[in-house]
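Dear colleague,

Please find below the structure that I am handing over to you. My notes on what was found in it follow directly after.

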Amino acid sequence: MQLPGKARRQAPGWPDYLADRAARATHPLLNDYFAAGCPDPATPIGDVAMAALDIETTGLDPRRHAIVSIGVVPFSLARIPLRERRYWVLKPARVLTEESVTLHHITHAEVENAPDLAEILPELLGLLKGKVTVVHYRHIERPFLDSGIQARLGEGVRFPMIDTMSLEARLHRQSLWARFRRWLGRPPVSIRLHNSRERYGLPAYQGHHALVDALATAELLQAQVANRYSPETPVSELWS
């Protein structure tokens, strides 16, 4: 079976992929997660239960770096129930670097007695299962989760994600107008989380905190749908 690829039109393969993984997964946690599946690709985004996810890491390479904190905020287009939020500081499998401490302000003392990723996986996967995960730049969350879970359970995990950075890139990096700007020699429009929120009139938050960034990502998707899409937009037009 062909795995879902990067192209937007390949996204409807996700339900079949998750069903196949549910049939083949040997670890109970992953079997339970995959068995929950995902919404039908034609489901309007306004009817979809979502969970914003942000991961802070010791670096950018999952082969050499590790997860140090995770924030999750379940939400829908209509509301963000903050009482359901979860935040974990984790003990990374690799030593904190000076650069990572400077970036996310999580110190050696904070991670010394923190749990390993394996200890919080039941709750984390329980929060994410059956929902569509929303991130800002999936090329961090997707490979780090896959690598971290593979190292602990012997099986990796992949699932559909709505990437708010990718949605901004469609307009500000990939559109004809964006290409025309490049032809004119104009600098590219920033699609970082802070700058993207600013364009929609959303307030500035302190960055590089997993819980705060997860909330910021949830709010950004709500603004993107309200301004550029519709609650009736099929979820398959947004996920990757």
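**Salt bridges**

Ten salt bridges are found when the whole structure is searched. Please bear in mind throughout that this is a predicted model.

As general background, side chains of opposite charge can pair when their charged atoms come close. I describe some of these pairs below.

Glu-219 and Arg-197 form a salt bridge in which the closest N and O atoms are 2.9 Å apart. This pair links distant parts of the chain, since Glu-219 belongs to helix 10 and Arg-197 to helix 9, with their positions 22 residues apart in the numbering. Both Glu-219 and Arg-197 are buried. Elsewhere, Asp-61, Arg-63 and Arg-64 are joined into one network by salt bridges that share partners.

Within that network, Asp-61 pairs with Arg-64, and their closest N and O atoms lie 3.4 Å apart. Is each partner buried or exposed? Asp-61 has a relative accessibility of 14%, so it counts as buried. Arg-64 has a relative accessibility of 54% and therefore counts as exposed.

A further salt bridge is formed by the side chains of Asp-116 and Arg-152, at 2.7 Å from N to O. This pair, too, links distant parts of the chain: Asp-116 is in the loop between helix 4 (108-112) and helix 5 (117-128), Arg-152 is in helix 6, and the two are 36 residues apart. Asp-116 is partly exposed, as its relative accessible area is 25%. Arg-152 is partly exposed as well, with a relative accessible area of 28%.

**A buried charge without a salt bridge**

Glu-141 may be of interest to you. Glu-141 is located in helix 6. This residue is buried yet has no salt bridge. How far away is the nearest side chain of opposite charge? That side chain belongs to Arg-142 and is 9.2 Å away, whereas a salt bridge requires a nitrogen and an oxygen within 4 Å. The side chain of Glu-141 does, however, reach the backbone nitrogen of Ile-55, at 3.0 Å.

**Pockets**

Rolling a probe the size of a water molecule over the atoms shows where empty space is left. The largest pocket holds about 740 Å³ of space. Its lining consists of 30 residues, and those nearest its centre are Asp-54, Glu-56, Arg-192, His-208 and Asp-213. Which elements give two or more residues to this lining? They are strand 1 (50-57), helix 3 (98-104), helix 6 (138-153), helix 9 (193-199) and helix 10 (210-228). Sorted by class, the lining of the largest pocket comprises eleven nonpolar, twelve polar and seven charged residues.

The second largest pocket has a volume of about 190 Å³. It is lined by 14 residues, of which His-65, Ala-66, Arg-94, Gly-148 and Arg-152 are the closest to its centre. Arg-152 is thus a residue of this lining as well as the salt-bridge partner of Asp-116. Helix 6 gives the most to the lining of the second largest pocket, namely five residues. By class, this lining has eight nonpolar, three polar and three charged residues.

**Backbone and loop positions**

Most residues other than glycine have a negative phi, and most peptide bonds are trans. Against that background, two histidines deserve mention. His-105 is not a glycine, yet its phi is positive, at about 60°. His-105 is placed in the loop between helix 3 and helix 4, and it is exposed, with a relative accessible area of 55%.

His-208 also has a positive phi, of about 65°, although it is not a glycine. His-208 lies in the loop between helix 9 and helix 10 and is partly exposed, with a relative accessible area of 31%. As noted above, His-208 is among the residues nearest the centre of the largest pocket.

Gln-206 is found in the loop between helix 9 and helix 10. Gln-206 is exposed, because its relative accessible area of 59% is over 50%. Gln-206 and Ala-216 are ten residues apart in sequence, and their C-alpha atoms are 9.7 Å apart in space.

With kind regards

How values were computed: Residues numbered from 1 in each chain as written. Predicted model: local features only at pLDDT ≥ 70, side-chain atom pairs only at ≥ 80, totals over all residues. Heavy atoms only, no water. 1 Å grid on protein atoms, 1.4 Å probe; cavity = no way out; pocket = protein on both sides within 12 Å on 5 of 7 lines; lining within 4 Å. Points joined across faces, edges and corners; volume = space filled by probe spheres on them. Helix = DSSP H or I, 4+ residues; strand = E, 2+ residues; numbered from the N terminus. Nonpolar A, V, L, I, M, F, W, Y, C, P; charged D, E, K, R; others polar. Buried < 20%, exposed > 50% of the residue type's maximum accessible area, 1.4 Å probe, protein only. Lys, Arg positive; Asp, Glu negative; His and termini not counted. Polar contact = N/O pair within 3.5 Å; in protein donor to acceptor, adjacent residues only side chain to side chain.
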